[in-house]
Amino acid sequence: MLLLKDCNLSETEVDLEVHRSTNARHIIGGISCYRTRFLEANFTGQDLEGSTFEFCDVRGANFNKCNLTSVKFVGSNLNGASIRNASLVCTNLAHSEIEELDLTQADALSDLMISAEQRDYVLKCFRVTVLNP
């Protein structure tokens, strides 16, 4: 597993093979990033399943057509990131900044994990109104 800590990879073109096959067995790899800057980085089409972006700055990053299944963005800033046609299944966005993340662009969105303070924003994205809160 690739581990990145306290790096600045802003405006980079990311092309990773994070999963591998061994003896016909598929092993989920992923990358592990902690306090890493990916401002406007391009991850388009990457399979990032099982990766971790903890306390990372991914503002304006391009995650279009990415597999973000089981990715943890805990405490990260995702404002302005693009997730058009991305798969967010079991993705953890808890305690991250998502006020400018358009969740409606995702291709698959289920079992999303968010924190209580994000609930109103997520409901608003999908035009859900809660009566008698």
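**A walk through the sheet, the core and the loops**

Four bridges tie β1 to β4, the strand that covers residues 31-34, and the two run parallel. That pairing is a handy place to start in this predicted model. You can follow it residue by residue: Leu2 has Ile31 as its bridge partner in β4, and Leu4 stands opposite Cys33 in that strand.

Now cross to the other flank of β4. Three bridges join β4 to β5, and this pair is parallel too. Here Cys33 stands opposite Phe53 in β5. So Cys33 is a useful residue to click on, because its bridge partners take you both ways: to Leu4 and to Phe53, with pairing here resting on at least two bridges between strands. As a reminder of what holds such a thing together, strands of a sheet pair through backbone hydrogen bonds, either parallel or antiparallel.

Put the pairings together and you get an open sheet of three strands, ordered β1-β4-β5, with parallel pairing. The edges belong to β1 (2-5) and β5 (52-54); each has a single partner strand, so one side of each is left without a neighbour in the sheet. From one strand to the next, the twist averages 5°.

Time to zoom out. The protein has seven strands and one helix, and reading from the N terminus the elements go β-β-β-β-β-β-β-α. Of its 133 residues, 40% count as buried. If you think in contact maps, here's a number for you: among contacts between residues at least 6 apart in sequence, 19% join residues at least 24 apart.

Let's go back to the stretch between β4 and β5, where a couple of loop residues deserve a look. Ser51 sits in that loop. Is Ser51 buried or exposed? Its relative accessible area is 0%, so it counts as buried, the cut-off being under 20%. A polar atom of the Ser51 side chain lies 2.9 Å from the backbone nitrogen of Ile31, and Ile31 is the residue we met as the bridge partner of Leu2. Leaving out residues up to four places away in sequence, Ser51 touches Gly30, Ile31, Ser70, Val71 and Lys72.

The loop between β4 and β5 also holds Ala41. With a relative accessible area of 1%, Ala41 is buried as well. Which residues surround it? Setting aside neighbours within four places in sequence, Ala41 is in contact with Leu9, Glu11, Thr12, Val14, Ala61 and Asn62. For Val14, the C-alpha atoms give you a distance to check: Val14 and Ala41 are 27 residues apart along the chain, and their C-alpha atoms are separated by 7.0 Å.

Val14 turns up again when you look at Phe43. Not counting residues up to four places away in sequence, Phe43 touches Val14, Phe38, Leu48, Phe53, Ala61, Asn62, Phe63 and Cys66. Two of the names in that list lead on to the hydrophobic interior. The largest nonpolar core has 29 residues, and those touching the most other members are Phe43, Phe53, Phe63, Leu68 and Ile83. Two or more residues of this core come from each of β4 and α1 (119-125). Phe53, remember, is the β5 residue opposite Cys33.

What about charges? There is one salt bridge in the structure. It brings together the side chains of Arg59 and Asp57, at 2.6 Å from N to O. Its two ends sit in unlike surroundings: Asp57 is buried, with a relative accessible area of 14%, whereas Arg59 is partly exposed at 35%.

Finally, a couple of backbone torsions to check if you are setting this model up. Asp6 has a phi near 55°, a positive value in a residue other than glycine. You'll find Asp6 in the loop between β1 and β2 (20-22), and it is exposed, with a relative accessible area of 52%. His95 does something along those lines: its phi is near 60°, again positive in a residue other than glycine. His95 lies in the loop between β6 (87-89) and β7 (108-110), and at 52% relative accessibility it counts as exposed.

Methods
Residues are numbered from 1 along each chain as its sequence is written. This is a predicted model: local features need pLDDT of at least 70, side-chain atom pairs count only at pLDDT 80 or more; totals for chains, interfaces and linings use all residues. Side-chain values use heavy atoms; hydrogens and water are left out. A salt bridge is a side-chain nitrogen of Lys or Arg within 4 Å of a carboxyl oxygen of Asp or Glu. Buried means under 20% relative accessible area, exposed over 50%, partly exposed in between (1.4 Å probe, protein chains only). Axes are lines fitted to C-alpha atoms, for helices over the stretch in contact, and angles run from 0 to 180 degrees between N-to-C directions. A polar contact is a pair of N or O atoms within 3.5 Å; within protein, one must be able to donate a hydrogen and the other to accept it, and residues adjacent in sequence count only if both atoms are side-chain atoms. Contact means heavy atoms within 4.5 Å. A nonpolar core is a set of buried Ala, Val, Leu, Ile, Met, Phe, Trp, Tyr and Cys residues joined through side-chain atoms within 4.5 Å.
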